[in-house]
Amino acid sequence: MFKLTLFPILLLALLCPIYIFSQSGPGGVGNTSTNGLWLKVDDLKLLDGEVVSNWRDASGNNNDANQTITGEQPSFISNSSLNNYPSVDFNGVRDWLKVDDADILDGTTAITYFSVFKPKGLYTSNNVHAILGKRLTYSVSANYAYTFFLYNNKLTTDIVNSNNRYTSSASFSNDENYILSFDFDGSNPINSRSSMSRNGSVLLTAKENSTSIINSNQPLTIGTMNVDYNRYSKGEMSELIHFNYKLNQAETIIVNNYLSAKYNIALTANNFYTNDNIANGDFDHHVAGIGQASDGSNHLDSQGSGIVRINAPSALSNGDYLFWGEDKKDPSYNFVTETVHYREQLDSKWRVSKIGNLGTVNMSFDISALDLTAKQSCQPLQLIVDSNSAFSTATSYDLTISGSTATVSGVSFSDGDYFTLSYLDQIVWDGTSYFNGSGIGSAPNASDSCLKLTVKSGAIGILNEAGYVREVQVELGATLQVNDGVLLEVENGIWNNGTITFVDEAQLIQKHTGTSLNSGSGDLTISQEGSNNLYNYNYWSAPVHRNGNWQVNYLETETGPIGFTSSNDANPLASPMEWSNRWLYTFNGLADAYADWHDISPTTPITPGLGYTMKGSGNLSVLEQKYTFKGIANDGDIFIDVLAGDEVLVGNPFPSALDAVQFIKDNLSVIDGSLYFYEQFASNDTHVLNQYQGGYATYNLLGAVSVPIPVNGGVSSKGGPKDYIPVGQSFFVKAHTDGTIVFKNSQRAFKKESLGESVFYRTSEETTTDTRIKYWLAFRDAASNESTIALGYDTNANAGFNHGYDSRTFNELSNEIYWAITDEELCIQALNSFDVLDEIPLGIHITDSGAYTFEITETLNFPESETIYLKDNQTNMFYDIMDNGITLNLNSSVDVSRFSIVYQEGQVLSSQDLDANPVSVFYNIEKETLVLHGIENLNEIQSLNIYNLLGQNIQSLNNVNSENVDLSFLNSGMYIAEITDRSNKKIKLKFVKR
């Protein structure tokens with residue numbers, strides 16, 4: 001047969017990666033190139049009494065033992081006397097197995113075999129109880145490789161025919177468990193080439209003439225000497241091991257200790273692994289070892305049948321060994337939470353026996369079978385080593401993972417140490433203390449984002465500093481309290497079967513995308529303060545839900561659940577506190593359709609993301625009433641379907657502030673981009689609608705304007721909205737197309753009212769730098785009733801209506817100004833870029849004649865060298881309203897196009913060629929004419945050109961014969977009129993045609 005020569009073997013070793021030859025054989029000795037056969041009974045997955053037709057070879061050489069002949073197959077014993085391991089039972093009649101001939105099994109200069117065998121038929125007429133044989137017959141030497149058998153009650157070995165057969169003088173007994181072995185080395189002196197051993201002790205070293213094992217073409221037979229021998233063993237076998245070389249002394253000791261521990265067979269020599277006994281914990285399984293024998297031979301790299309590989313001892317002398325064994329025969333390799341440190345620990349552990357001093361070692365673990373699905377990548381898998389099995393004072397080593405292997409170097413062991421694998425997965429409040437957090441007292445802080453927070457029953461677990469965790473689990477009966485002003489960020493979901501309380505300005509942000517990950521039977525509570533005025537609406541939106549919806553009667557106060565009355569006025573003295581259900585509404589419909597206010601009852605289900613109204617209790621014991629929302633925290637994507645043209649009362653659905661800018665940007669394809677917040681003034685004392693004191697503040701991506709002060713009086717205490725919407729606040733939006741409004745976790749933010757970052761209805765003071773030019777223009781009557789409009793410049797805007805940057809007026813006022821663009825009246829307008837030649841139409845409605853003041857109340861980034869003027873197109877007067885307001889007497893007949901905002905005073909076309917009267921040019925919206933006021937000699941006009949904003953010339957007039965130029969032919973839009981006199985002096989006017 002073909003045999004590998006030395007050169008090809010060496011070449012293969014050079015070409016193949018080192019890990020192919022890692023010591024994964026029995027006890028960590030040998031590999032696929034040296035371990036030719038490894039039959040271990042724990043690989044058989046049979047039921048008790050079933051026949052064994054195939055016994056898989058674990059060496060990697062596929063030398064399976066098989067028997068296809070019915071009636072000649074041994075049977076399986078599932079629970080034998082061999083340490084409760086199974087065994088293969090040969091009945092002594094005609095049971096046997098064979099391994100087909102393979103190159104590695106013979107034709108070598110040396111060999112070693114081990115077998116775990118329990119004889120049961122000694123002293124019978126059969127006499128010969130073969131463990132194995134590889135020969136044709138007794139008499140044909142050409143095919144006689146070796147035999148190993150019990151004859152009568154003595155152990156016999158024969159290498160290469162029967163000329164040097166030798167038998168030990170030691171006797172054997174039935175029903176005793178033995179580790180039997182023999183070896184041969186043709187390079188030894190003739191008188192010591194072969195030996196046999198029992199339970200680790202050499203029984204006999206014998207003479208053998210042959211210098212090599214012949215290349216027999218016969219199968220290896222188990223339970224009989226050769227095919228058709230007709231005498232069969234009676235006994236049980238649990239393991240059979242072959243090596244194609246003679247093991248050195250260190251390797252032999254390691255294999256014997258492996259078999260001794262596994263099958264609970266005491267060694268009579270070199271019993272170095274001692275953690276296989278009951279007193280030391282019965283770490284019987286997957287034993288392997290490294291070490292150096294007294295003769296200087298060594299073995300430095302072992303893995304064996306388990307997942308642990310140890311090698312590279314830093315200091316090794318004769319007699320030094322390190323063995324390790326596992327506590328489970330068939331480990332599942334799951335991680336479970338241990339309750340000392342609340343770490344995730346492998347449900348298997350190992351214990352070492354250390355003889356002498358090997359220094360430190362390197363270790364690796366085959367983690368392909370480990371259940372690491374719950375492990376987070378930011379926390380390392382660790383090796384933990386301790387002198388006690390609870391690992392209460394463990395030394396930890398971080399493992400480096402590459403593929404399915406985890407490695408670590410420089411590990412130190414003491415005799416009797418335990419080791420296992422562990423990783424940190426959670427921060428735990430155990431009812432008394434925190435464990436594993438990075439914050440004060442081991443509580444979580446903002447650096448713990450990959451850890452789960454688990455809260456167990458006991459005293460209340462309190463968070464006093466911001467924490468960022470992967471997920472939260474509050475167990476039954478447990479309570480987590482997030483103190484005032486503290487943010488809890490959660491990457492994923494919350495499983496709450498207890499209570500989570502957010503005190504005052506504490507907030508919750510969840511970071512994941514998609515649908516909600518929150519569940520459980522417990523309650524999360526969070527509070528918000530609202531007006532207690534009996535007559536004033538609060539616009540609410542619930543940050544929690546119960547069974548997917550919210551009901552107003554779920555609201556509580558600090559004293560408990562609230563009650564409702566059908567009367568217009570709640571009883572301020574009621575106990576429990578009382579509210580009127582007369583003022584409970586939602587809104588979804590057309591802007592001017594009062595009927596689209598839908599009255600609801602305290603038990604009407606309200607979808608998360610929708611807003612509702614409710615008036616105060618009138619209880620004067622507090623100015624602001626604290627309301628408590630209790631349920632499952634809203635989380636993830638929340639959708640509200642809308643129809644084009646409808647206004648909807650929606651609201652912040654989360655137990656945190658909402659980033660208004662992000663909300664608008666996420667929904668610009670559906671809504672016009674303006675948010676309207678309702679505020680009723682503290683002085684309001686009526687339920688009569690037309691006598692209300694209050695109104696709507698407006699917010700968009702450009703800026704905000706505050707609630708106007710109407711004729712009914714009162715004073716706003718809130719100011720203009722800015723960037724963040726607080727917990728529980730609802731607001732109006734308008735849809736410009738059919739679609740779906742979406743709230744997302746990415747819109748959530750942490751902003752506190754106490755720092756001016758959010759105010760309920762409410763706004764926030766955002767600290768980010770805004771470099772855009774903006775200003776706010778107030779319009780005030782003699783009684784100090786006031787409204788404000790805003791204008792600014794943003795490169796995202798153009799001359800038309802810009803979703804998100806232009807906001808329509810939302811309040812119905814008797815006297816007001818507005819920005820006039822095509823078919824729109826705006827309270828906030830955005831233009832693209834600042835131009836000192838801009839003339840911005842300012843619309844006006846006057847119902848009550850009297851004195852009115854125009855005043856710039858605030859500017860942002862406005863050029864210091866420029867001024868803002870109110871231009872009166874009727875009188876051609878320019879008023880500087882930057883530093884001081886201008887008060888004008890106006891009546892109800894005022895032309896809506898009378899005023900404009902400009903950045904420079906009017907100029908004369910030519911003092912020599914034109915009349916010296918002041919010249920003003922303006923567009924009359926009502927008459928659709930361009931008015932050339934003050935130009936007495938129209939012949940001095942060389943040309944009049946009308947351009948659109950793209951610079952395209954729409955109309956050219958070279959003969960102007962009237963100071964009222966008809967522009968009714970123009971389509972709606974924004975235009976520029978350019979007038980040039982005969983000396984090339986120019987006047988430009990930007991105007992809107994509606």
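Reader: What stands opposite Y947 in β77?
Author: N953 does. Strands here are DSSP E runs of at least two residues, and helices H or I runs of at least four, numbered from the N terminus. This is a predicted model, in which local features need pLDDT of at least 70 and side-chain atom pairs pLDDT 80 or more, while totals for chains, interfaces and linings use all residues. Residues are numbered from 1 along each chain as its sequence is written, and side-chain values use heavy atoms, leaving out hydrogens and water.

Reader: How do you know that strand β76 and β77 are joined, and in which sense do they run?
Author: Two strands pair if DSSP finds at least two bridges between them. Four bridges join β76 (residues 941-948) to β77, so they qualify as a pair, and they run antiparallel.

Reader: Why is the sheet with β77 and β80 called open?
Author: Its four strands follow the order β77-β76-β79-β80, with antiparallel pairing. The edges are β77 (953-957) and β80 (986-993); each has a single partner strand, so one side of each is left without a neighbour in the sheet. From one strand to the next, the twist averages 20 degrees.

Reader: What makes β59 and β62 edge strands?
Author: They belong to an open antiparallel sheet of three strands, in the order β59-β55-β62. β59 (724-725) and β62 (748-749) each have a single partner strand, so one side of each lacks a neighbour in the sheet. Strand β55 (residues 657-659) pairs with β59 over two bridges, and D659 stands opposite Y724.

Reader: What makes D659 a cap for α3?
Author: One of its side-chain oxygens lies 3.0 Å from the backbone nitrogen of V661, at the N-terminal end of the helix. A polar contact is an N or O pair within 3.5 Å, with a possible donor and acceptor (neighbours in sequence count only through side-chain atoms on both sides), so 3.0 Å meets the distance limit.

Reader: How do you know that the buried residues of α3 line one face of the helix?
Author: Those residues are A660, F663, I664 and N667. Down the helix axis they fall within an arc of 95 degrees, so they line one face. Buried means under 20% relative accessible area, exposed over 50%, and partly exposed in between (1.4 Å probe, protein chains only). The buried residues pack against β55, β59 and other strands, including β60 (730-734).

Reader: Why is N152 called partly exposed?
Author: Its relative accessible area is 32%, between the 20% and 50% limits, so the label fits. N152 sits in the loop between β9 (146-151) and β10 (154-159), and has a positive phi of about 55 degrees although it is not a glycine. Most residues other than glycine have a negative phi, and most peptide bonds are trans. A cis peptide bond joins S575 and P576, with omega about 5 degrees.

Reader: What makes a set of residues a nonpolar core, and which touch the most other members of the largest one?
Author: Such a core is a set of buried Ala, Val, Leu, Ile, Met, Phe, Trp, Tyr and Cys residues joined through side-chain atoms within 4.5 Å. The largest has 70 residues, and W55, Y113, L132, Y146, F182, I222 and L259 touch the most other members. Helix α2 (residues 249-263) gives the most, with eight residues. Another core, of 62 residues, lies apart from it and includes V642 and F899.

How values were computed. Axes are lines fitted to C-alpha atoms, for helices over the stretch in contact, and angles run from 0 to 180 degrees between N-to-C directions. The arc is that of the directions from the helix axis to the C-beta atoms. Contact means heavy atoms within 4.5 Å.
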